Amino acid sequence: MNAIATRLESVRQHIQNAAIKYGRLDRGIQLLAVSKTRPAEDIRSALEAGQRCFGESYLQEAIEKIQQLSDMPAEWHFIGRIQSNKTKTIAEHFDWVHGLCSLKHAQRLNDQRPGNLPPLNVCLQVNLSQERSKAGVAPEEVAALVHLIHSLPRLQLQGFMTLPAPAETLKQQRHPFQRLRELRDKIKTKELPLETLSMGMSADLEAAIAEGATIVRVGTAIFGPRNIQK
Ligand SMILES: *Cc1c(COP(=O)(O)O)cnc(C)c1O
């Protein structure tokens with residue numbers, strides 16, 4: 001096995017162990033391999049090792065890789081900051097968007113989603129206290145926005161994403177993830193179950209699984225340290 005296949009296997013094992021530990025075997029926990037800054041060959045290695053979903057943050061490099069790997073059955077998730085002048089490119093090339101933060105961007109993505117593609121899966125990014133980036137919607141604004149986004153026919157609102165500030169202990173790491181889960185439980189309805197909780201990265205994977213993550217976004221633990229800082 002190459003290094004990526006080996007690390008991928010160990011991340012899968014880590015997820016499986018956490019799922020057992022926290023009684024999460026009933027529901028799937030999807031691994032999103034965060035491939036930002038990595039060359040297409042690394043993504044190809046991961047695909048060959050059975051990984052299917054990839055997260056990208058920088059649009060231009062993402063589009064190049066998506067085109068280079070168009071022969072492979074990859075699913076592409078945009079996890080970077082959305083800029084208004086880039087929504088069309090995102091709507092045309094991605095299957096999921098995790099960092100949706102405004103109604104304006106939701107409307108643009110809805111209007112620009114090509115008719116031959118299925119609705120674009122989106123997660124609303126929620127800004128819980130002490131978030132490292134200022135991106136995300138304040139918790140008290142989430143419910144109203146959920147209902148507006150739900151009415152857009154070319155978007156499929158799957159749930160929520162969060163990106164908390166790094167924290168040291170498992171207990172500290174769990175806190176924002178717990179708040180996101182509780183917020184979701186308060187807002188969800190039968191017709192809008194908001195099942196996705198996109199939370200947890202290499203360093204706080206276990207805390208996120210403990211609190212109900214359904215998608216974990218893992219880069220470093222699969223591909224090694226990133227040397228390109230953007
Ligand atoms: C880079 C990134 C990740 C992955 O972080 P790692 O620490 O490499 O696992 C996850 N989510 C988002 C939004 C990112 O930008």
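In which strand does Thr 196 have its place? In this structure, which is a predicted model, Thr 196 belongs to strand β7, a run that covers residues 196-198. Thr 196 is buried, because its relative accessible area is 7% and the cut-off for that class is under 20%. Once neighbours within four places in sequence are set aside, the residues in contact with Thr 196 are Trp 96, Cys 123, Gln 158, Gly 159, Phe 160, Thr 214 and Ile 215.

From this strand residue the reader can turn to the ligand and the residues that surround it. The residues around the ligand are Val 34, Lys 36, Ser 57, Ile 79, Met 161, Met 201, Ser 202, Arg 217, Val 218, Gly 219, Thr 220 and Arg 226. Sorted by character, this shell divides into five nonpolar, four polar and three charged residues. Several of the side chains bring polar atoms to the ligand: in Ser 202, a polar side-chain atom lies 2.5 Å from an oxygen atom of the ligand, while an N or O atom in the side chain of Arg 217 is 2.9 Å from a nitrogen atom of the ligand. The side chain of Arg 226 also takes part, with an N or O atom that is 2.8 Å from an oxygen atom of the ligand. Taken on its own, the ligand has 390 Å² of accessible area, and the protein covers 89% of that area.

The charged residues of the protein can be followed next. Side chains of opposite charge can pair when their charged atoms come close. Across the whole structure, a search finds 11 salt bridges. One of them joins Glu 61 to Lys 65, with the closest N and O atoms 2.6 Å apart. Both Glu 61 and Lys 65 lie in helix α3, where they are four residues apart, or about one turn of the helix; the helix itself is made up of residues 59-68. Are the two partners buried or exposed? Glu 61 counts as buried because its relative accessibility is 17%, and Lys 65 also counts as buried because its value is 5%. The pair does not stand by itself, since Glu 56, Glu 61 and Lys 65 are linked in a network of salt bridges.

A further group of charged residues has Asp 185 as a shared partner. The side chains of Arg 184 and Asp 185 meet in a salt bridge, at 2.8 Å from N to O, and Lys 188 forms a salt bridge with Asp 185 as well, with the closest N and O atoms 3.9 Å apart. Arg 184 is buried because its relative accessibility is 11%. Asp 185, by contrast, counts as partly exposed because its value is 35%, and Lys 188 is also classed as partly exposed, at 41%.

Helix α2, which spans residues 40-48, shows how a helix meets other elements of the structure. The buried residues of α2 are Ala 40, Ile 43, Ser 45, Ala 46 and Leu 47. These buried residues pack against α1 (3-21), β2 (53-56), α3, β3 (75-78) and α9 (220-223), so that α3, the helix that holds Glu 61, appears among the partners of α2. Just after α2, Gly 50 takes a positive phi of about 95°.

Two loop residues complete the path. Leu 128 has its place in the loop between β5 (120-125) and α6 (139-150), and Leu 128 counts as buried because its relative accessibility is 5%. Residues up to four places away in sequence not being counted, Leu 128 touches Pro 139, Thr 162, Pro 176, Arg 179 and Leu 180. Leu 128 and Gln 112 are 16 residues apart in sequence, and their C-alpha atoms are 29 Å apart in space.

Ala 167 is found in the loop between β6 (155-161) and α7 (170-187). With a relative accessible area of 27%, Ala 167 is partly exposed. Apart from neighbours within four places in sequence, Ala 167 is in contact with Gln 172 and Gln 173. The C-alpha atoms of Ala 167 and Thr 89, residues that stand 78 residues apart along the chain, are separated by 34 Å.

Terms used:
Residues are numbered from 1 along each chain as its sequence is written. This is a predicted model: local features need pLDDT of at least 70, side-chain atom pairs count only at pLDDT 80 or more; totals for chains, interfaces and linings use all residues. Side-chain values use heavy atoms; hydrogens and water are left out. A residue is near a molecule or strand if one of its heavy atoms lies within 4 Å of it. A polar contact is a pair of N or O atoms within 3.5 Å; within protein, one must be able to donate a hydrogen and the other to accept it, and residues adjacent in sequence count only if both atoms are side-chain atoms. Accessible areas come from the Shrake-Rupley method with a 1.4 Å probe; for residues, only the protein chains shown count as cover. Ala, Val, Leu, Ile, Met, Phe, Trp, Tyr, Cys and Pro count as nonpolar, Asp, Glu, Lys and Arg as charged, and the others, Gly among them, as polar. Buried means under 20% relative accessible area, exposed over 50%, partly exposed in between (1.4 Å probe, protein chains only). Contact means heavy atoms within 4.5 Å. A salt bridge is a side-chain nitrogen of Lys or Arg within 4 Å of a carboxyl oxygen of Asp or Glu.
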